[in-house]
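Visitor: I have a few questions about a structure I am looking at. Could you take me through them one at a time?

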Amino acid sequence: MSASIIDGRASAARLRKRVAERVSELAKFNVVPGLAVVLVGEDPASQIYVSNKTKQAAEAGIRHFDHRLPASTTTADLRSLIRQLNSQPDVHGILVQLPLPKHVDAQSVLAEIDPIKDADGFHAINVGRLVLGEEATVPCTPLGCLILLRETQPQLAGLRALVIGRSNIVGKPMAHLLLQSDCTVTIAHSRTRDLPALCGQADIVVAAIGRPRAVSGDWLKPGALVIDVGINRIDAGEGKTKVVGDVDFESAVQRAAAITPVPGGVGPMTIACLLMNTVNAAVRSLREPSVPRLMPTT
Ligand code: NDP
């Protein structure tokens, strides 16, 4: 068997198109969705992520407000900025790029964000709503994974799903989204025993570990759907590096029914979902029933 490759770039382009259409509808009501992006310090990876987010926001017609602050910024300064953004009517979504410098209390900064403007879905109110199965802003990466899964397999109910990783930004929300999709969900982590056996029982494997090629293809149940969240930069020889996922793609592709590549799988969906969350926050602020929220279904 050779798996079909789940094209995250194409899926993200479709979602961005839907976002841009909804932005045009909002223009009829004189609303331009606005995203405030807060970046603290000079971390090169964070700078690239932020530039990609603001570029794609602009392309979709979303206004962005950039706040690039020195690494010396204090928790109090950041909380004060967040309060200002909370009260700014042209800001519908607020994103604080993580990680924050070590001296900053990230949880208290995230807690300051108005949950309605919480574009990343990390606020405890949104986390709680997700767990309760209520309407919530959902973290972008697991939301992107769910969209890719639904596009590949519309009937998720009853499938056995294994989520490897239990972080607050990927693993835990992913597990809740799959539970809400009526999957039977197992969460694995660094203390899990016999991960290969769990993989062998799973119809869906979502790997969010942060270890290059940690999941071997021969662990997989034949015909499994595999979503690889991992982004790992490894040595490619001759002084070069390359990015690989948490799944050993070469062996997994022989066994899975469908698999996301790295790069070009989950990564592009994350930013598209951020734009969707922002436009949905603007839709909610409008309180106009003729303009519905964008739903994470096709
Ligand atoms: P974290 O480091 O926060 O979490 C990793 C999780 O993997 C932890 O729960 C950890 O367990 C678990 N783990 C570690 N080793 C093993 C192991 N040997 N077996 C089973 N589980 C293990 O990472 P994130 O969730 O933030 O990110 C995971 C990956 O996804 C990273 O590669 C990251 O770069 C990527 N990522 C990609 C995004 C995208 O847009 N595509 C967005 C966000 C992340 P424990 O809790 O016990 O320590």
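The questions below turn to one helix, some backbone angles and the ligand, all in a predicted model.

Visitor: What span is expected for helix α6 at 1.5 Å a residue?

Guide: Helix α6 runs over residues 140-152, which makes 13 residues. From its first C-alpha to its last it reaches 18 Å. That is close to the expected value, 18 Å.

Visitor: Why is α6 described as largely enclosed by the rest of the structure?

Guide: A residue counts as buried under 20% relative accessible area. Among the residues of α6 that pass this test are Cys-140, Pro-142 and Leu-149. The cover over the buried residues includes α1 (8-27), α7 (171-180) and α10 (266-286), along with strands β7 (204-207) and β8 (225-228). The helix is called largely enclosed because the buried residues number ten of the 13.

Visitor: Which residue does a cis peptide bond join to Leu-98?

Guide: Most peptide bonds are trans. Here omega is about 0 degrees, and the bond is cis. The partner lies in the loop between β4 (93-96) and α4 (106-112). That partner is Pro-99.

Visitor: In which loop is Pro-263 placed?

Guide: Pro-263 is joined to Val-262 by a cis peptide bond, with omega about 0 degrees. The elements on either side of its loop are β11 (258-259) and α10. The place asked for is therefore the loop between β11 and α10.

Visitor: Is Arg-213 buried, partly exposed or exposed?

Guide: Arg-213 lies in the loop between β7 and β8, and its phi is positive, about 55 degrees, although it is not a glycine. Most residues other than glycine have a negative phi. For exposure, the limits are under 20% for buried and over 50% for exposed. The relative accessible area of Arg-213 is 38%, so the residue is partly exposed.

Visitor: How much of the accessible area of the ligand does the protein cover?

Guide: A polar side-chain atom of Ser-167 lies 2.5 Å from an oxygen atom of the ligand. An N or O atom in the side chain of Thr-270 is 2.8 Å from a ligand oxygen atom. On its own the ligand has 930 Å² of accessible area, and the protein covers 69%.

Visitor: Which element gives the most residues to the shell around the ligand?

Guide: The ligand is surrounded by 20 residues, with Arg-166, Ser-167, Ser-190, Ile-231 and Thr-270 the closest. By type, the shell has eight nonpolar, ten polar and two charged residues. The top contributor gives three residues, and that element is α10.

Conventions
Residues are numbered from 1 along each chain as its sequence is written. This is a predicted model: local features need pLDDT of at least 70, side-chain atom pairs count only at pLDDT 80 or more; totals for chains, interfaces and linings use all residues. Side-chain values use heavy atoms; hydrogens and water are left out. Helices (H or I, at least four residues) and strands (E, at least two) are DSSP runs, numbered from the N terminus. The expected span of a helix is 1.5 Å times one less than its number of residues. Buried means under 20% relative accessible area, exposed over 50%, partly exposed in between (1.4 Å probe, protein chains only). Contact means heavy atoms within 4.5 Å. A residue is near a molecule or strand if one of its heavy atoms lies within 4 Å of it. A polar contact is a pair of N or O atoms within 3.5 Å; within protein, one must be able to donate a hydrogen and the other to accept it, and residues adjacent in sequence count only if both atoms are side-chain atoms. Accessible areas come from the Shrake-Rupley method with a 1.4 Å probe; for residues, only the protein chains shown count as cover. Ala, Val, Leu, Ile, Met, Phe, Trp, Tyr, Cys and Pro count as nonpolar, Asp, Glu, Lys and Arg as charged, and the others, Gly among them, as polar.
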